[in-house]
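The following exercises concern the sequence and the three-dimensional model shown below. Each task is followed by a solution in steps.

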Amino acid sequence: MSVNNPIGVIVDSFQLGVREGLRKAKEVGADGVQIYAVAGEMDPDILDAASRKELREYIDSLGLTVSALVGDLAGHGFQDKNENGWKVEKSKRILDLALDLGCNIVTTHIGIVPDDENSEIYQTMLQACDEISRYASSKNAFFAIETGPERAEHLKQFLDKLSTDGLSVNFDPANMVMVTGDDPVQGVYTLGRYIVHTHAKDGVKLKDYVDPRKVYGMLGYEHEAMSHEKLAAEAEEGEDFREVPLGEGSVDWQNYLQALQDIGYTGYLTIEREVGSQPEKDIAAAVQFLKGFRS
């Protein structure tokens, strides 16, 4: 097996700001980058046309491409009908920014898909997700949901109900092994036609059962709502699972990468490192780990 997928890095994982993170991504040997674009210097509401053009030219000057933007609006995803108005509109603006930067993918969490298809939360999510899916399709682009909160088959059943494929999948194998215990290899085959982006991350599950609601939150469930900071803290210090360097966890990389080849996936393997005190060292090692499958 020879894996020729481009390798990406989430700029924010370096914890150095966007410009310095972009330079570090180049230094560690990445082909492209993913960038958080919700608040701060990458907020689409404050980046005007001139700033977007200048940023794209800077990324181009480094020989990098943007694999995706992160448009994760935290909270309960799209479970709360009282929040979905602004969240849907913000998602659209993030996608517009991605297109201005030469990319057509925004990754996000939508919240846990409930088991009961007739529940108000399920139907609320379906309505909001169909709207952003149709918007993405109208732009020849994708909102890509991160795997992890539910099993692959259940996520596929939800996606199958949408009117377009504008809502697709950002496949994160570590999230699957750390929370639901789902098999990432089989998950690739199950979600195959929806996969447009992937995260290269590894992890281990510390308990036989991990309640996804405890990790990702759930509307009406008395536990802290989802946030990037919360997920990172759980992955480093929680009692249910651990994020670990690539190749040191439960992801079967040989067969996982083979499965991606089998479905014809040619997109990015984007390294996400949310824990540890030496992110640059860990990310550089992850790049070399993935490059080891190219020979």
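**Exercise 1. The second largest pocket**

How many residues line the second largest pocket, and which of them lie nearest its centre?

*Solution.* The model is a predicted one.

Step 1. The lining of the second largest pocket consists of 17 residues. Nearest the centre of this pocket lie Asp115, Pro149, Glu150, Thr180 and Pro212.

Step 2. Two elements, helix 6 and helix 8, each give two or more residues to the lining of the second largest pocket.

Step 3. The volume of the second largest pocket is about 280 Å³. Its lining divides by class into 9 nonpolar, 2 polar and 6 charged residues.

**Exercise 2. The largest pocket**

State the volume of the largest pocket, then describe its lining.

*Solution.* Step 1. The largest pocket holds about 510 Å³ of space.

Step 2. Its lining has 25 residues, and those closest to the centre are Asp12, Tyr36, Ala37, His228 and Glu229.

Step 3. Sorted by class, the lining of the largest pocket comprises 11 nonpolar, 7 polar and 7 charged residues.

**Exercise 3. The cavity**

Determine how many cavities of 30 Å³ or more the structure holds, and identify the elements that contribute to the lining of the largest cavity.

*Solution.* Step 1. The structure holds 1 cavity of 30 Å³ or more. The volume of the largest cavity is about 170 Å³.

Step 2. The largest cavity has 21 lining residues, with His109, Asn175, Lys201, Leu231 and Glu274 nearest its centre.

Step 3. Strand 4 (105-108), helix 6 (173-180), helix 8 (212-216) and helix 9 (228-237) are the elements that give two or more residues to this lining.

Step 4. The class count for the lining of the largest cavity is 9 nonpolar, 6 polar and 6 charged residues.

**Exercise 4. Helix 9 and its packing**

Which residues of helix 9 are buried, and against which elements do the buried residues of helix 9 pack?

*Solution.* Step 1. Lys230, Leu231, Ala232, Glu234 and Ala235 are buried in helix 9.

Step 2. The general geometry of a helix is relevant here. An α-helix has 3.6 residues a turn, so residues three or four places apart point the same way.

Step 3. The packing partners of the buried residues of helix 9 are helix 8 and strand 9 (241-244).

Step 4. Leu231 is buried in helix 9, and Leu231 is also among the residues nearest the centre of the largest cavity.

**Exercise 5. Two charged residues in helices**

Is Asp130 buried or exposed, and is Lys53 buried or exposed?

*Solution.* Step 1. Asp130 belongs to helix 4 (residues 120-138). The relative accessibility of Asp130 is 16%, so Asp130 counts as buried, the cut-off for buried being under 20%.

Step 2. When neighbours within four places in sequence are left aside, Asp130 is in contact with Leu162, Ser163 and Thr164.

Step 3. Lys53 lies in helix 2 (residues 49-61). With a relative accessibility of 53%, Lys53 counts as exposed, the cut-off for exposed being over 50%.

Step 4. The C-alpha atoms of Lys53 and Asp72 are 23 Å apart in space, and the two residues are 19 positions apart in sequence.

**Exercise 6. Positive phi values**

Locate Gln15 and Asn140, and describe the phi value and exposure of each.

*Solution.* Step 1. As background, most residues other than glycine have a negative phi.

Step 2. Gln15 has a positive phi, near 60°. Gln15 is placed in the loop between strand 1 (7-10) and helix 1 (18-27), and its relative accessible area of 58% makes it exposed.

Step 3. Asn140 also has a positive phi, near 55°. The loop between helix 4 and strand 5 (142-146) contains Asn140, which is exposed at 60% relative accessibility.

**Exercise 7. The chain as a whole**

Assess whether the protein chain is as compact as a globular protein of its length.

*Solution.* Step 1. The protein chain contains 11 helices and 10 strands.

Step 2. Its radius of gyration is 18 Å, close to the 19 Å that the globule rule gives for 295 residues, so the protein chain is as compact as a globular protein of that length.

Step 3. The C-alpha trace spans about 50 × 45 × 35 Å along its principal axes.

Step 4. Of the 295 residues, 58% count as buried. The protein chain exposes about 11,900 Å², of which carbon and sulfur atoms supply 46%.

Step 5. Among contacts with a separation of 6 or more, 79% are between residues 24 or more positions apart.

Technical notes
Residues are numbered from 1 along each chain as its sequence is written. This is a predicted model: local features need pLDDT of at least 70, side-chain atom pairs count only at pLDDT 80 or more; totals for chains, interfaces and linings use all residues. Side-chain values use heavy atoms; hydrogens and water are left out. On a 1 Å grid over the protein atoms alone, a cavity is a set of points where a 1.4 Å probe fits but cannot get out, and a pocket is an open set with protein on both sides within 12 Å along at least five of seven lines; lining residues have an atom within 4 Å of a point. Grid points are joined across faces, edges and corners, and a volume is the space filled by probe spheres set on the points. Helices (H or I, at least four residues) and strands (E, at least two) are DSSP runs, numbered from the N terminus. Ala, Val, Leu, Ile, Met, Phe, Trp, Tyr, Cys and Pro count as nonpolar, Asp, Glu, Lys and Arg as charged, and the others, Gly among them, as polar. The radius of gyration is taken over C-alpha atoms; the globule rule is 2.2 Å times the number of residues to the power 0.38. Buried means under 20% relative accessible area, exposed over 50%, partly exposed in between (1.4 Å probe, protein chains only). Contact means heavy atoms within 4.5 Å. Accessible areas come from the Shrake-Rupley method with a 1.4 Å probe; for residues, only the protein chains shown count as cover.
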